[in-house]
Amino acid sequence: MGEFLLVCICGGLGAVSRFVLNTSIQRWWDRVFPLSTFVINIMAAFFAGIAAAAYYYQTVNYFTYLLFVAGFLGGFSTFSTAINEMVSLAKGKRIGMALGYFAVTVLIPFLMVVLGWWVGAMGH
């Protein structure tokens, strides 16, 4: 039961962090492209890659990995919002931007996981 509550707390901290970062980016980004969600998701992917490498190389234990990835990053990342933004772009007759956003939302986070793994594996 203790693990469950700690994952929930970390998820809440991730959600609050996402809210603060999202609000901060939206204050100066006044364009149609949903930059704040994109930035948050590529950051989450990068940190997930670092965490995966740290767990793989036994730099962190499973519990720490669980708290960070399932908890904090689970609350921080927001792929469901990205999907909603793609639909909104498409409904607003911005099909090209919706398709481009889809492509970079899939491709860039994958590359960030690879980069994060590489950074996390340095020295091993």
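1. Surface patch. Leu 107, Phe 110, Leu 111 and Val 114 together make a nonpolar patch on the surface, and their combined accessible area is about 390 Å². The model is a predicted one, and the points below should be read with that in mind. One member of the patch, Val 114, belongs to helix α5, which covers residues 95-120. Val 114 has a relative accessible area of 44% and is therefore classed as partly exposed.

2. Overall fold. The protein chain has 5 helices and 0 strands. Read from the N terminus, the order of elements is α-α-α-α-α. The C-alpha trace spans about 50 × 30 × 25 Å along its principal axes. Of the 124 residues in the protein chain, 32% are buried.

3. Aromatic pairs. A pair of aromatic rings is described by the distance of the centres and the angle of the planes. Searching the whole structure gives 11 aromatic pairs. One of them joins Phe 33 to Phe 38 in an edge-to-face arrangement, with 5.9 Å from centre to centre and 70° between the planes. Phe 33 is partly exposed at 21% relative accessible area. Phe 38 has a relative accessibility of 14% and counts as buried, because the cut-off for buried is under 20%.

4. The contact between Phe 33 and Tyr 101. Phe 33 also pairs with Tyr 101, again edge-to-face. Here the centres are 5.2 Å apart and the planes stand at 80°. Phe 33 sits in the loop between α1 (2-28) and α2 (35-56), while Tyr 101 is in helix α5, so this pair ties together parts that are 68 residues apart in sequence. Tyr 101 is buried, with a relative accessible area of 0%. Taken together, ring pairs link Phe 33, Phe 38 and Tyr 101 into a cluster.

5. Charge over a ring. The charged end of Arg 31 is placed over the ring of Trp 29, at 4.6 Å from the ring centre.

6. Cysteines. A disulfide is a covalent bond between the sulfur atoms of two cysteines. How many disulfides does a search of the whole structure find? The result is 0 disulfides. Cys 8 is in no disulfide, and the nearest cysteine sulfur to it belongs to Cys 10, 9.5 Å away. That distance does not meet the criterion for a disulfide, because the sulfur atoms would have to lie within 2.5 Å. Cys 8 is partly exposed, with a relative accessible area of 41%. Cys 10 is likewise in no disulfide, its nearest cysteine sulfur being that of Cys 8. Cys 10 counts as buried at 18% relative accessibility.

7. Backbone at Gln 58. Most residues other than glycine have a negative phi. Gln 58 is not a glycine, yet its phi is positive, at about 60°. Gln 58 is found in the loop between α2 and α3 (62-76). With a relative accessible area of 71%, Gln 58 is exposed.

8. Backbone at Lys 93. Lys 93 is not a glycine either, and has a positive phi of about 65°. Where does Lys 93 lie? Lys 93 is in the loop between α4 (79-91) and α5. The relative accessible area of Lys 93 is 74%, so this residue is exposed, given that exposed means over 50%.

Key:
Residues numbered from 1 in each chain as written. Predicted model: local features only at pLDDT ≥ 70, side-chain atom pairs only at ≥ 80, totals over all residues. Heavy atoms only, no water. Patch = residues over 30% accessible without salt bridge, like charges linked within 9 Å, V, L, I, M, F, W, Y side chains within 5 Å. Areas by Shrake-Rupley, 256 points an atom, 1.4 Å probe, with all protein chains shown as cover. Salt bridge = Lys/Arg side-chain N within 4 Å of Asp/Glu carboxyl O. Helix = DSSP H or I, 4+ residues; strand = E, 2+ residues; numbered from the N terminus. Buried < 20%, exposed > 50% of the residue type's maximum accessible area, 1.4 Å probe, protein only. Phe/Tyr/Trp six-rings, centres within 6.5 Å; stacked < 30°, edge-to-face > 60°. Lys NZ or Arg CZ within 6 Å of the ring centre and 35° of its normal.
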